[in-house]
Amino acid sequence: MVTRVASTGLAAVASTVALALTGPPGPLEWGGGPLTVDSLPRVPYAAHRGGAREVPENSMSGLMAAFRRGTAQVLDFDTRVLRDGTPVVFHDATLNRTTFLGGEVRGLDAGEWRGVRLRPRDRLPGSWRSERPPTVAEVLDRFGGRIVLMLEAKDPHGVERLAELIRARGLTRSVFVNTNDPEVARRVHRLGLLTQLWRSARQMRTDRPGRWRSYVDLLDVDIKARDADLRRAVRSGVPRVWAHTVVTPSQRDRALALGCNGVITDAPGRLARHPARMPGRVSAALGR
């Protein structure tokens, strides 16, 4: 069931964001073929939900803005599955927080999804229009092979369909599939996809991440975790250990000092404006 909710303070105008962000002047693309994880810099930045403190989360316009600004080398977004099996780009189980509607995402089919409109937060810099949240296929078609993507499978029963979409586009080395469940991560690995496993600070207190190194490509660790827990993750044998969700330069610098080799951030533009204050080894990896 879908219900209407009131809209307040929406600037329903075309997106003309004018942020003074540093970084490369255009999209980050390497070479003429599909971009894969092997082309990432040693310490990449991932724009979480497109950079949710700078753009409307999980929106096509937000992802496109993050891509064009070039302050992140990875675009992150969330996925859910509609009633008819269509994977869509959305974080919550319900529509209430980020759209003008209410009710469960899984209660809609693809036709009804076309009537959903996002409600950008008033606190975002710039002006953003209301727009339909995209499907996963639309995001893969727009960005696949042009930048590395990171998608979280909020509905584990939809993993097989996500795998079909990724494989059909030749993107198995270009898309991380994220989950909080080690068993779902194992399924993702068996499907031939890049596996990302995120863990909360509370989970990390008792985790033994070395058990996952045979099937996890990216361990996504909570920046709020204790130093000892972050170091244990770094020593796990998982090749990539990236910290989430970083919003300040000091958080980034702590994660890198503890050995993390990637940053997942809601504010890639802010981090790009503040060079990392790190020992020479990390500064060199960041190109400072």
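**The nonpolar cores**

Select Leu75, Phe143, Val221 and Trp242: within the largest nonpolar core, which has 67 residues, these have the most contacts. A nonpolar core is a set of buried Ala, Val, Leu, Ile, Met, Phe, Trp, Tyr and Cys residues joined through side-chain atoms within 4.5 Å. Buried means under 20% relative accessible area, exposed over 50%, and partly exposed in between, with a 1.4 Å probe and protein chains only. Apart from this core lies another of 10 residues, including Leu82, Val88, Leu108 and Trp113. In soluble globular proteins, nonpolar side chains tend to be buried together.

The model is predicted: local features need pLDDT of at least 70, side-chain atom pairs count only at pLDDT 80 or more, and totals for chains, interfaces and linings use all residues. Residues are numbered from 1 along each chain as its sequence is written, and side-chain values use heavy atoms, with hydrogens and water left out.

**The whole chain**

Now show the chain as a cartoon. It contains 10 helices and 11 strands; these are DSSP runs numbered from the N terminus, helices being H or I with at least four residues and strands E with at least two. Of the 288 residues, 53% count as buried. The accessible surface comes to about 12,600 Å², and 48% of it belongs to carbon and sulfur atoms; such areas come from the Shrake-Rupley method with a 1.4 Å probe, and for residues only the protein chains shown count as cover. Among contacts between residues at least 6 apart in sequence, 60% join residues at least 24 apart, where contact means heavy atoms within 4.5 Å.

**Helices H3 and H4**

Select helix H3, residues 136–143, and display the side chains of Val136, Val139, Leu140 and Phe143, which are buried. These residues lie on the same side of H3 because they cover an arc of only 100° around the axis; the arc is that of the directions from the helix axis to the C-beta atoms. An α-helix has 3.6 residues a turn, so residues three or four places apart point the same way.

Next, add the elements that cover the buried residues of H3: among them are helix H1 (60–69), strand S3 (74–81), strand S4 (87–89), strand S6 (148–153), helix H4 (159–168) and strand S7 (175–179). After H3 comes Gly145, which has a positive phi near 85°.

Move to H4, where Val159, Leu162, Ala163, Leu165 and Ile166 are buried. Their arc around the axis is only 165°, which puts them on the same side of H4. They pack against S3, S4, H3, S6, S7 and helix H5 (182–190). Just after H4, Gly170 has a positive phi of about 65°.

**Strand S11 and its partners**

Select strand S11, residues 262–265. Gly262 and Ile264 point one way from S11, Val263 and Thr265 point the other way, and all are buried. Add strand S2 (residues 45–47), which runs parallel to S11 and is joined to it by 3 bridges; two strands pair if DSSP finds at least two bridges between them. Here Tyr45 stands opposite Val263.

Then add strand S10 (residues 240–246), which also pairs with S11 in the parallel sense, over 3 bridges. Ala243 has Val263 as its bridge partner in S11. Include helix H8 (residues 249–257) as well: S10, H8 and S11 make a right-handed β-α-β unit. A crossover is right-handed if, with the strands pointing away from the viewer, the path from the first strand over the helix to the second runs clockwise.

**Residues in the loops**

Select Val216, in the loop between helix H6 (201–204) and strand S9 (218–222). Its relative accessibility is 2%, so Val216 counts as buried. Leaving aside neighbours within four places in sequence, Val216 is in contact with Ala185, Thr195, Leu197, Val238 and Pro239. Val216 and Ala185 are 31 residues apart in sequence and 6.9 Å apart in space, C-alpha to C-alpha.

Turn to the loop between S2 and H1, the place of Arg49 and of Asn58. Arg49 has a positive phi near 55°, in a residue other than glycine, and Asn58 likewise has a positive phi near 55°. Arg49 counts as buried at 16% relative accessibility, and Asn58 counts as buried at 2%.

Finally, select Thr98, in the loop between S4 and strand S5 (101–102). Thr98 is buried, with a relative accessible area of 13%. Beyond its neighbours within four places in sequence, Thr98 is in contact with Glu57, Phe90, Arg117, Leu118 and Arg119.
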